[in-house]
Amino acid sequence: MGNPTATRPPQPWTAPTASDPVAATLRLPGSKSMTARALVLSALAGGPSTLGGPLRARDTELMAGGLRALGAHMSISDDDRWLVRPHRLVGPAHVDVGLAGTVMRFLPPVAGLAEGRVTFDGDPQARVRPLGPLIGALRSLGVRIDTPDTGSLPLTVLGAGRVAGGEVVIDASASSQLVSGLLLAAPRFDRGVVVRHEGPPVPSAPHLRMTVQMLRAAGAAVDDSVPDVWTVEPGPLSGRGWEIEPDLSGAVPFFAAALVTGGEVTLQGWPRSSMQPVEQLRALLHRMGGEVTLTTGGLTVRGTGAVHGLDADLSDVSELTPALTALAMLADSPSRLTGVGHIRGHETDRIAALAQEFTALGADITESADGLEIRPRPLRGGTFRTYADHRMAHAAAVAGLAVPGIEVDDVACTSKTMPEFPALWSGMVTGKS
């Protein structure tokens, strides 16, 4: 007989309500985006690398596990500093992508450089995340791939130990990761790569800029001077020390708490020059009623006692949509968030999920093809479903600051990018952070 607890549903988590302005100084985990890219570049380098302050979470552990399966030596037992020693990439290997877009899009190009068969699969929802354009691009660059007719997971890369490379046209309007995946492995392709995007605008442009910056930091020659064209020359990558910034997307719910409660939250360890879209976030929070300052003490957001509605195109910073939607629910005027149609293909259809779950709490919210319209009115408590999406849990937590009785059905899904989230959040609200 099986373990009766194996299928027991997770216990609901009551989002804590703030009775006073929050006042917290936090040190949050490292950036998921930087950690993922640093792991890939380190595994493809010509010598060892270290990652200082990496993110330890499900997504990044799956990335490390996938690269280890392909032959790279990974030492990640130390939470503060990981060591990567590159090694010959070989199959047979299996890569579990979980629900991580970075793993499912960054590692198939790496698998093309391996000798042998490499299979990929993940959580059920991963099988519907956009992957077809990357598969087509890799095939045109000389990589053999077996995949279902749907052009999605599960798939098998039949690695030949090398990838010819060359020029490829791709529609990356569903995710910037489709381009980043090609660029990160391209220095090891025989002819490098020229990626031309054709289609609606590529979302999350700051993530592509991060990819280019980190490739250059590892010694790659990258030309991104022509809009929607990225050229990476073939050549060696250098092992190096990577210092991972705190995760900006993960910080946004905490910053939102400062606005909701009229309090102050400081994120320690923030660099003066960041690879993440700090200026875009600063502008958005300012428009919603926050004051944002960067000092040697960290990045600080202060609430002014009011939360204002927002009319904004979030295409560059779509990861912020769930937390900003929750903030908009508590604003003093309507909001319109646009440019985020691609987040329908994230961990869940985030636009539909946000509209459905907040409507169930009494919200007046309307979804459009590429965003949401929010007309604030009093909310009530109730169950808030996450659909295994960490950002949905973050949105519920923000709303719960002002609305008693919001029950998050699966707060454990936050382990995808921040296992400490429930404890950090509760500590901030209760003043014990």
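1. In what order do the four strands of the open sheet stand? The order is S4-S5-S3-S14, and the pairing is mixed. Strands here are DSSP runs of E, at least two residues long, and helices are runs of H or I of at least four, numbered from the N terminus. Two strands pair if DSSP finds at least two bridges between them.

2. A word on the source. This is a predicted model: local features need pLDDT of at least 70, side-chain atom pairs count only at pLDDT 80 or more, and totals for chains, interfaces and linings use all residues. Residues are numbered from 1 along each chain as its sequence is written, and side-chain values use heavy atoms, without hydrogens and water.

3. Look at the sheet edges. Strand S4 (73-75) and strand S14 (241-243) each have a single partner strand, so one side of each lacks a neighbour in the sheet. S4 pairs with strand S5 (residues 81-85) in the antiparallel sense, over three bridges. Ser75 stands opposite Leu83 in S5.

4. Turn to helix H4 (residues 132-140). Leu134, Ile135, Ala137 and Leu138 are buried (under 20% relative accessible area, 1.4 Å probe, protein chains only). Seen down the axis of H4, the buried residues fall within an arc of 165° (taken from the directions from the helix axis to the C-beta atoms), so they line one face of the helix.

5. What covers that face? The cover of the buried residues of H4 includes helix H3 (101-112), strand S8 (144-146) and helix H5 (177-185), among others. Contact means heavy atoms within 4.5 Å. After H4 comes Gly142, with a positive phi near 105°.

Key:
Buried < 20%, exposed > 50% of the residue type's maximum accessible area, 1.4 Å probe, protein only.
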